[in-house]
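Hi everyone, thanks for coming along. I'd like to walk you through one model today, starting with the overall layout and then settling on one helix and its surroundings.

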Amino acid sequence: MSTLRRTVTRMLGARVCSSLGGARHGRPAPRGGRAPPSAAFATKSGGDVYTHGHHSSVVSQHAARTAEDSAAFLLDRLQPGQKILDAGCGPGSISVGLAKAVGPKGELVAIDVDEGIVATAAATLATSGAANASCAVASLYDLSSFA
C-alpha cells in the first residue's frame, strides 16, 4: 500500500477505493484489457495543472459520465456502509453512482481543487438526493483538513 493511500485511509478512517492500478493489484482490468489511465496532470511552473481544465465544454462532457459507464469496474467492489473518497470528482456525475453504491449507511466525500467545480458537484449530488455525500475543495496532496 502506498504512503499516500495509507495517509488517506488513516485521515478519512475509510477504505479508499482507487481506480488506478487495474490488473496490477489482482483486479481484472477494465474495458479493453488495460488499467485506467492516471489523471491528466502535467507539471508546469513548479505546480501541478489539470491539463483538461474546467472549461464549460470539458465540464459538460464530464457531466455526461456516470458511475455505470465510467466506473463499472469499481461498482461491484463497493459495499453498503463503506466510506469512499472521490478525489478529482469534477461535476459529480460519477459521484452520484458511487454514493448510491455505498447506500445510506455509507459515505462519499467528493473533493476537487476547483471551487466552481466543487459547487457544481454539490448541486449534482443534492439534486440526485444523495444524502450520504459531501463535497469539499481539497487537494489529494493535502488532506490535513480531514484529520
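**Layout, then helix H5**

Reading from the N terminus, the elements of the protein run α-β-β-α-α-α-β-α-β-α-β. In total, that comes to six helices and five strands. Please keep in mind that this is a predicted model. The protein has 147 residues, and 32% of them count as buried. If you take the contacts between residues at least 6 apart in sequence, 60% of those join residues at least 24 apart.

Now to the helix I'd like to spend time on, H5, which covers residues 93-102. How many of the ten residues of H5 are buried? Seven are, so the helix is largely enclosed by the rest of the structure. The buried residues are Ser93, Ser95, Val96, Gly97, Leu98, Ala99 and Val102. Just after H5 comes glycine 103, which has a positive phi of about 70 degrees.

Let's look at the neighbour, H6, residues 115-128. The axes of H5 and H6 come within 9 Å, and they cross at roughly 45 degrees. The two helices are therefore oblique to each other, because an angle from 35 up to 65 degrees is neither roughly parallel nor roughly perpendicular. As for handedness, H5 passes H6 in a right-handed crossing.

Which residues meet there? From H5 we have Ser93, Ser95 and Val96, and from H6 we have Thr124, Leu125 and Ser128. Sorted by class, this contact has two nonpolar residues, four polar ones and no charged ones.

Let me stay with serine 93 for a moment, since it belongs to that contact. Serine 93 sits in helix H5, and with a relative accessible area of 15% it is buried. Besides Thr124, serine 93 touches His62, Ala63, Arg65, Thr66 and Ala67, leaving aside residues up to four places away in sequence. With histidine 62, the C-alpha atoms are separated by 7.6 Å, although the two residues are 31 apart along the chain.

Next, a step back along the chain to cysteine 89. You'll find this residue in the loop between strand S3 (83-87) and H5. Is cysteine 89 buried or exposed? At 7% relative accessibility, cysteine 89 counts as buried. Its contacts, again without residues up to four places away in sequence, are Ser95, Ala110, Ile111, Asp112 and Ala121. So the loop residue cysteine 89 touches Ser95, which is one of the buried residues of H5. Aspartate 112 is 23 residues from cysteine 89 in sequence, yet their C-alpha atoms are 5.7 Å apart in space.

Finally, a word on charge pairs. Side chains of opposite charge can pair when their charged atoms come close. How many salt bridges does a search of the whole structure find? The search finds one. That salt bridge joins aspartate 76 to arginine 77, and their closest N and O atoms are 3.0 Å apart. Here the two partners fall into separate accessibility classes: aspartate 76 is exposed, with a relative accessible area of 61%, whereas arginine 77 is partly exposed, at 22%.

To wrap up, the picture I'd leave you with is H5 largely enclosed by the rest of the structure, crossing H6 obliquely through a contact that has no charged residues. Thanks for listening, and I'm happy to go back to any of these views.

Conventions. Residues numbered from 1 in each chain as written. Predicted model: local features only at pLDDT ≥ 70, side-chain atom pairs only at ≥ 80, totals over all residues. Heavy atoms only, no water. Axes fitted to C-alpha atoms, helices over the stretch in contact; angles between N-to-C directions. Helix = DSSP H or I, 4+ residues; strand = E, 2+ residues; numbered from the N terminus. Parallel < 35°, antiparallel > 145°, perpendicular 65-115°, else oblique. Left-handed = near helix turned anticlockwise from the far one by under 90°. Contact = heavy atoms within 4.5 Å. Nonpolar A, V, L, I, M, F, W, Y, C, P; charged D, E, K, R; others polar. Salt bridge = Lys/Arg side-chain N within 4 Å of Asp/Glu carboxyl O. Buried < 20%, exposed > 50% of the residue type's maximum accessible area, 1.4 Å probe, protein only.
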